Amino acid sequence: MKHIKTLLFVFLLTLSTTIKAQETPFSDLLQNIDSREKTSLNGLWDMIVDPLENGYYNHRLQPKEDGYFMNAQMQSPSDLIEYNFDTSKQLMVPGDWNTQMDKLYYYEGTVWYKKDFTYTAKNDEAAFLYFEAVNYEAIVYLNGERIGRHVGGYTPFQFEVTDKLKEGNNFVVVKVDNKRKRENVPTVNQDWWNYGGITRSVHLITVPKSHINDYSVQLRKGATNAITGWVSVTNGKDGDVVSIAIPELKKTVNTVLKNGKAEFSIKAKPKLWSPTSPKTYEVVLKTATDEITDQIGFRTIATEGSKILLNGKQIFLKGISIHEEAPFKTGRVVSVEECKILLEWAKELGCNFIRLAHYPHSEAMVREAEKMGFLIWSEIPVYWTIQFDNEDTYANAKNQLTEMISRDKNRAAVVLWSMANETPEGESRLNFIGNLAEQARKLDDTRLITAALDTQAQGDDGNLIEDPLGKVVDVIGINAYCGWYAGATDTCAQLKWSSAYNKPMIMSEVGGGALYGHHGEKNERWTEEYQAEVFKTNIEMMRNIDFLSGLSPWILMDFRSSRRPLRRIQDDFNRKGLISEQGMKKQAFFTLQEYYEKENN
Ligand code: GCU
């Protein structure tokens, strides 16, 4: 027995070292695709719904060679081909399929997408197929050839296709599968609709063979008088010159490439980005063959005891949580206009902070929020009870984290990376999230690490925060639903909070449900009066938490969830929004707005 234990211990040790060994700094995502030459592949795509994955597996469940990805065409009248994209129905990309076709409202499974496009090669260029997000698993084929697979529904991925493209007509096929699986991230239960599809934009990006692949441009950690960073160049040679210019600051620095990377430091005192003045600077990166421009803000973010310091000054985060549910039409947000509507409502509420839940939202949302002066909490969907002791689940979560940080590392507005939401205490969970936090700090040591907890111990003298995860994070997020899931509304104002940690706390979720237009007594569930009362009493409670540094109540707008079937009240919507999905403001919207207007300015 002792012998088996030693063997097991050695095996676990090697496993953790192997996981550590596989760490690469960043995925090789092209940074800032807005600044790249690209052909949009958005629009209508042919589609085939394939619940049995008949287009992928034969009747022996072995992967087919002549699956739907071949986009086979009849060559002679007697040919037997039992699918045809050209005569099939179509889906709009970007978009989820659930809100585009009634038959697909509840559908979870495989849908095949096909898009034809033409390509004309230019000298000395490289080409990438870039997907901003596909939920959940995407297997991508170009002209019948498999080029790659990606899992995770909310982060971008790309495949280089330079040598696979044909001059003239090409077709790309994507097998999209949003089936929920226990080992996935998120796992099988989530309180938001499992919208499936190619939910964000698709691009064919062409860059010079030797191109600027990625870069980081930020203030030196903790300083406001030096801008530092690096530029990584694909197919660059050691000694190649890379220039970084910030015209408005009359600053240009030339540096040289070494092993594909050029580091730099610029003495400069930029005007600092903040919610009241979301100043960004045009930054121009140049090599002999490539040029990228980006709008980048500069700010410092840190904690001091239970305070959060932005640019060295204490700030109180007046926030709101947001799901990527489109206002009015519902379904996944697909346009900048929809992002702006949500952000305008948050502005109207008096917010300087938004929690993008529970997964990375689109790059457009993050960039728009930065322009409008919102501090951002960005999160990966390590949600509820995922398989913490499953190494594939860990690798998947780590990959989503790496892609999230890679995409948004140059966004000044993003100040908090959230590792998880409402996960149960336990050894493997602590290791899992601890490793993620370590990875996040390795990738980006300039931002704060957080997680939303719901593990506070409820005692006679109130709630005590002592979750061991509190040691791992810089800022502790707490989800607490006094007056809704626990306790009567009239008990909340007196509720005391204490913490085992001298760290800032953000009330990352608080709130209750109401159906817009449903009125009654304030102790009557689902009425606007009840929801407003929940906010009133919880605001009272929060006033007395001296280590509270902000809040992001649940939630800006009602959103679809298959956990919410209550007919004539929920009808598949979580009704904790301060605004209905049709844009109608509930009483509680004004309760919170008043609190933000009056306090913490
Ligand atoms: C949880 C969870 C949310 C959920 C909310 C609710 O705290 O984090 O995803 O929607 O509670 O129950 O409404």
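## Cavities

A cavity is a set of points, on a 1 Å grid over the protein atoms alone, where a 1.4 Å probe fits but cannot get out. Its volume is the space filled by probe spheres set on the points, which are joined across faces, edges and corners. This is a predicted model, in which local features need pLDDT of at least 70, side-chain atom pairs count only at pLDDT 80 or more, and totals for chains, interfaces and linings use all residues. Residues are numbered from 1 along each chain as its sequence is written, and side-chain values use heavy atoms, with hydrogens and water left out.

Six cavities of 30 Å³ or more are found in the whole structure, and the largest has a volume of about 60 Å³. Residues lining the largest cavity (those with an atom within 4 Å of a point) include Asn135, Tyr154, Lys179, Arg180 and Pro186.

## Nonpolar cores

A nonpolar core is a set of buried Ala, Val, Leu, Ile, Met, Phe, Trp, Tyr and Cys residues joined through side-chain atoms within 4.5 Å; buried means under 20% relative accessible area with a 1.4 Å probe, protein chains only. The largest core has 90 residues, and Met507 and Trp497 are among those touching the most other members. A second, separate core of 31 residues includes Leu41 and Val202.

Leaving aside residues up to four places away in sequence, Met507 touches Trp497, Leu548, Gly550 and Leu551, among others; contact means heavy atoms within 4.5 Å.

## Strand pairing

Strands are DSSP runs (E, at least two residues) numbered from the N terminus, and two of them pair if DSSP finds at least two bridges between them. Strand β31 (residues 548-551) runs parallel to β21 (residues 317-322), joined by two bridges. Strand β30 (residues 505-509) also pairs with β31 in the parallel sense, over three bridges. Gly550 in β31 stands opposite Leu317 and opposite Ile506.

Definitions and conventions. Buried means under 20% relative accessible area, exposed over 50%, partly exposed in between (1.4 Å probe, protein chains only). On a 1 Å grid over the protein atoms alone, a cavity is a set of points where a 1.4 Å probe fits but cannot get out, and a pocket is an open set with protein on both sides within 12 Å along at least five of seven lines; lining residues have an atom within 4 Å of a point. Helices (H or I, at least four residues) and strands (E, at least two) are DSSP runs, numbered from the N terminus.
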